[in-house]
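I opened my notebook today to look through a chain one spot at a time. Here is the model I had on screen.

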Amino acid sequence: MAVGQKRRKTGTAGGRKRKAGKKPLLIDRGRLFLLSGVLAILCVLLLFINVLYGGEASAACGSGSIFAGEARPVPAAPAAPSSGSSSGPAASAPGPAAGGSGPAALSAAGTPGASGTPAAAPVASRLSTPSPESETAVTGGEPLAIQPRERDPLSGIPQAQEGARLAFVIDDAGQSRAALRRYLAVPLPLAIAVLPKLANTKESAAMVRSAGKELMLHQPMQAENLDLWAGPGAITPGMGLGEIKALIAENLAELGEGVRGLNNHEGSLITEDEVRIGAVLDAAQDRGLFFMDSRTSAQTKAPDAARIRGMQILERDVFIDNVLEREAMLQQIREGLVLANKQGSAIMIGHVDKSADILPDLLTELAPLLRERGYQLVTPSQLLDR
């Protein structure tokens with residue numbers, strides 16, 4: 001019995017030692033609850049900041065209950081929600097952030113790390129301004145790409161001033177009938193200038209008449225560069241005045257009835273010669289036709305020759321298709337609009353075969369916009385009627 005009693009005493013003593021060993025654990029738990037209280041206050045502050053600035057709370061705040069003394073990871077949302085469920089990849093975490101109010105709603109979805117704690121989501125800031133290309137909106141937790149706004153097609157078209165008038169002339173018809181058809185379909189009062197003595201000259205003139213467009217003779221003339229051939233039916237420096245008039249009459253007859261005027265194809269060498277360009281003006285004036293100087297030379301004498309005769313002539317303002325690119329052509333047309341608003345009218349020239357793949361479509365697109373802006377779209381002959 002003595003031995004048994006001794007064992008009980010030993011057991012009692014051992015028990016006391018174990019109780020003595022639990023006293024520090026009670027102190028540690030008190031500190032733990034104190035620390036939990038501090039963390040709770042920090043968490044509330046984080047949520048308050050989150051609401052103010054639209055960011056996302058720290059993962060430590062949304063990972064589980066901090067009062068239990070341990071982290072409880074929030075399970076990741078399922079990859080495919082069940083039918084009828086509104087929860088998606090951004091299932092909300094418990095707590096104030098779960099309400100999903102405004103752009104500051106917290107997402108608890110994430111890929112758990114090695115410790116089982118979800119990875120923190122990046123913090124979004126309202127202070128950053130995304131570019132139009134990268135701008136996104138968040139709807140239901142899923143990013144929805146916002147397409148950049150299309151440029152207003154009217155943005156580059158100035159308003160017409162005092163009924164500014166525009167005349168479009170398309171040169172070099174008489175070659176491709178397919179290209180000519182594309183221009184004849186443009187809903188503008190175009191003037192088409194037809195080259196003489198080509199395989200499709202007569203048919204091209206007939207097509208222009210049938211389409212109701214204004215018909216012109218595109219009279220070839222020799223350029224300063226003698227290596228450039230102006231084509232058949234051209235006026236050359238060696239011709240006399242009578243020969244020039246006879247050639248023009250022959251070319252006009254080939255086109256048939258309905259020709260309203262003529263302009264020069266190439267021709268810098270002839271237009272710089274006041275005597276010979278004067279013969280061209282005489283031939284036009286005798287038949288009641290207008291003459292339009294294509295201004296292939298800045299030293300043209302056509303205005304001087306017209307002034308001597310008391311004759312009013314037209315002059316080209318813009319070549320549309322020097323550069324065969326849509327934007328370059330559009331820019332040339334814009335320059336023509338500026339001139340029209342400044343001087344009351346503008347004549348712009350394109351070419352049938354050169355730009356048939358671009359310019360007809362561009363003019364078709366611009367036609368209603370030009371009318372909406374208040375421009376008067378006329379033929380060259382109508383510029384002389386006023």
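My entries below go by topic, from charged pairs to the nonpolar interior.

**Entry 1: the model.** I am working with a predicted model, so I leaned on local features with pLDDT of at least 70.

**Entry 2: salt bridges.** I began with a search of the whole structure, and it returned 11 salt bridges. I then went through a few of them.

The pair I looked up in most detail is lysine 197 with glutamate 250, where the closest N and O atoms are 2.4 Å apart. This pair links distant parts of the chain: lysine 197 belongs to the loop between β4 (191-194) and α4 (201-211), while glutamate 250 sits in helix α5 (residues 241-255), and 53 residues separate them. I checked the accessibility of both partners. Lysine 197 comes out as partly exposed because its relative accessibility is 33%. Glutamate 250 has 44%, so it counts as partly exposed too.

Next I looked at arginine 276 and aspartate 273, whose side chains meet in a salt bridge at 2.9 Å, N to O. Arginine 276 has a relative accessibility of 23% and is therefore partly exposed. For aspartate 273 the value is 22%, which again means partly exposed.

My third pair was glutamate 327 and arginine 334, with 3.3 Å between the closest N and O atoms. Is each partner buried or exposed, or something in between? Glutamate 327 has a relative accessible area of 44%, so I noted it as partly exposed. Arginine 334 has 13% and is therefore buried. Elsewhere I found a network: Arg182, Asp357 and Asp361 are joined by salt bridges that share partners.

**Entry 3: positive phi.** I went back to lysine 197 for its backbone. Its phi is positive, about 60°, although the residue is not a glycine. I found a positive phi at glutamate 266 as well, near 60°, and this residue is not a glycine either. Glutamate 266 is placed in strand β6 (residues 259-266). Its relative accessibility is 34%, so I wrote it down as partly exposed.

**Entry 4: serine 268.** From there I moved on to serine 268, which is in helix α6 (residues 268-271). Buried or exposed, I asked myself of serine 268? It is buried, because its relative accessibility is 9%, and the cut-off for buried is under 20%.

What does serine 268 contact, once its neighbours within four places in sequence are left aside? I listed Gln222, Ala223, Glu224, Thr296 and Ser297. One of these returned when I looked at polar atoms: the serine 268 side chain reaches the backbone nitrogen of glutamate 224 at 2.8 Å. I also took a C-alpha distance, and serine 268 and lysine 301 are separated by 9.9 Å, with their positions 33 residues apart along the chain.

**Entry 5: lysine 213.** I stopped at lysine 213, which lies in the loop between α4 and β5 (214-221). This lysine is buried yet has no salt bridge. How far away is the nearest side chain of opposite charge? It belongs to glutamate 214, and it is 11 Å away.

I then looked for what the lysine 213 side chain does reach. One backbone oxygen is that of valine 186, at 2.8 Å. Another is that of leucine 188, which lies 2.6 Å from a polar atom of the lysine 213 side chain. Apart from neighbours within four places in sequence, lysine 213 is in contact with Tyr183, Leu184, Val186, Leu188, Leu190, Ile192 and Val208.

**Entry 6: nonpolar cores.** I kept the interior for the end. In soluble globular proteins, nonpolar side chains tend to be buried together. Here, the largest nonpolar core has 65 residues, and Leu166, Phe168 and Phe291 touch the most other members. Helix α10 (residues 359-372) gives the largest share of this core, 7 residues.

I followed leucine 166 further. Setting aside neighbours within four places in sequence, its contacts are Leu337, Ala340, Ala346, Met348, Leu370, Tyr375, Gln376, Leu377 and Val378. A second core is separate from this one; it has 13 residues, among them Met216, Phe290, Ile347 and Leu383.

Definitions and conventions. Residues numbered from 1 in each chain as written. Predicted model: local features only at pLDDT ≥ 70, side-chain atom pairs only at ≥ 80, totals over all residues. Heavy atoms only, no water. Salt bridge = Lys/Arg side-chain N within 4 Å of Asp/Glu carboxyl O. Helix = DSSP H or I, 4+ residues; strand = E, 2+ residues; numbered from the N terminus. Buried < 20%, exposed > 50% of the residue type's maximum accessible area, 1.4 Å probe, protein only. Contact = heavy atoms within 4.5 Å. Core = buried A, V, L, I, M, F, W, Y, C linked by side-chain atoms within 4.5 Å. Polar contact = N/O pair within 3.5 Å; in protein donor to acceptor, adjacent residues only side chain to side chain. Lys, Arg positive; Asp, Glu negative; His and termini not counted.
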